[in-house]
Amino acid sequence: MESVADTKLGWPDFLAEMNGTSSSGKMNWPNFYVVGPPKTGSTSLYWHLKRHPEVFLPSFKELRMFQPEHPDSLSPARYRNLYAEAKDYKAIGEVTPYYLVDPAVPGRVREVSPAAKIVILLRDPVERAYAHYLTVKEVNVATGHKEPS
């Protein structure tokens with residue numbers, strides 16, 4: 001999978017490439033974004049929304065398009081392709097929880113889609129932290145990592 005890190009694009013270059021001419025035509029920018037810390041229900045919400053006939057979501061979440069500096073961010077071409085079929089939907093979305101902690105993201109979203117809504121998922125902080133701890137513990141057991149003494 002080609003990432004922005006591979007192409008060495010910063011936000012201005014990335015945006016210029018996204019807005020450039022393309023065989024797929026005008027970019028179908030999302031009109032809503034779902035963000036929030038880990039273990040707040042973003043995966044569950046993603047799958048519920050994905051089943052709705054008037055909602056378009058790409059085939060996976062955590063795209064990081066508005067974080068082109070991140071090594072897991074998608075290339076402009078890949079991001080554009082994910083939304084190529086979205087034009088006939090009332091709601092076009094992206095679910096990337098990590099946008100919540102990046103102060104550059106809200107301005108970047110506004111730059112490309114000023115009317116977009118940002119849905120922030122929150123959870124009781126103690127319950128969320130405990131759920132995150134259990135997930136990390138489960139991953140450590142599965143991968144053979146030992147917890148510090």
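Helices and strands here are DSSP runs, numbered from the N terminus. With that in hand, K39 can be placed in the loop between β1 and α3. Keep in mind that this is a predicted model.

**Exercise 1. Work out what stands out about the backbone at K39 and at E62, and say where each residue sits.**

Start with K39. Its phi is positive, about 70 degrees, although K39 is not a glycine. This residue lies in the loop between β1 and α3, and its relative accessible area of 36% makes it partly exposed.

Now take E62. Here phi is near 65 degrees, again a positive value in a residue other than glycine. E62 belongs to the loop between β2 (55-56) and α4. With a relative accessible area of 32%, E62 is partly exposed too.

**Exercise 2. Describe the overall layout of the protein chain.**

Count the elements: there are 6 helices and 4 strands. Then read them off along the sequence, which gives α-α-β-α-β-α-β-α-β-α.

Next, look at burial and surface. The chain has 149 residues, and 39% of them count as buried. Its accessible surface comes to about 9,100 Å², with 56% of that belonging to carbon and sulfur atoms.

Finally, check the contacts with a separation of 6 or more: residues 24 or more positions apart account for 77% of them.

**Exercise 3. Find the largest nonpolar core and say which elements feed it.**

The largest nonpolar core has 23 residues, and those with the most contacts inside it are W29, Y33, M65, F66, Y79 and Y83. Several elements supply at least two residues each: α2 (11-19), β1 (32-35), α4 (76-82) and α5 (105-112). The largest share, 4 residues, comes from α2.

Apart from this core lies another one, of 8 residues, with F32, V34, Y46 and L57 among them.

To see the wiring around one residue, pick M65. Skipping its neighbours within four places in sequence, M65 is in contact with W11, F14, W29, S73, Y79, E94 and Y99.

**Exercise 4. Is S42 buried or exposed, and what does it contact?**

S42 is found in helix α3 (residues 42-50). The cut-off for buried is under 20% relative accessible area. S42 has 8%, so it is buried.

For the contacts, leave out the neighbours within four places in sequence; the list is then K61, V95, P97 and L121.

**Exercise 5. List the salt bridges and say where the partners are.**

The count comes to 3 salt bridges.

1. K90 and E54 meet through their side chains, at 3.6 Å from N to O. K90 lies in the loop between α4 and β3 (91-95) and E54 in the loop between α3 and β2, so this pair ties together parts that are 36 residues apart in sequence. K90 is exposed, at 64% relative accessible area, whereas E54 is partly exposed at 37%.

2. E62 and K61 pair up at 3.1 Å, N to O. E62, the residue with the positive phi, is partly exposed at 32%, while K61 counts as buried at 17%. K61 is also on the contact list of S42.

3. E69 and R108 form a salt bridge, with their closest N and O atoms 2.9 Å apart. This pair links distant parts of the chain: E69 is in the loop between β2 and α4, R108 is in helix α5, and they are 39 residues apart. R108 is buried, with a relative accessible area of 12%.

Terms used. Residues are numbered from 1 along each chain as its sequence is written. This is a predicted model: local features need pLDDT of at least 70, side-chain atom pairs count only at pLDDT 80 or more; totals for chains, interfaces and linings use all residues. Side-chain values use heavy atoms; hydrogens and water are left out. Buried means under 20% relative accessible area, exposed over 50%, partly exposed in between (1.4 Å probe, protein chains only). Contact means heavy atoms within 4.5 Å. Accessible areas come from the Shrake-Rupley method with a 1.4 Å probe; for residues, only the protein chains shown count as cover. A nonpolar core is a set of buried Ala, Val, Leu, Ile, Met, Phe, Trp, Tyr and Cys residues joined through side-chain atoms within 4.5 Å. A salt bridge is a side-chain nitrogen of Lys or Arg within 4 Å of a carboxyl oxygen of Asp or Glu.
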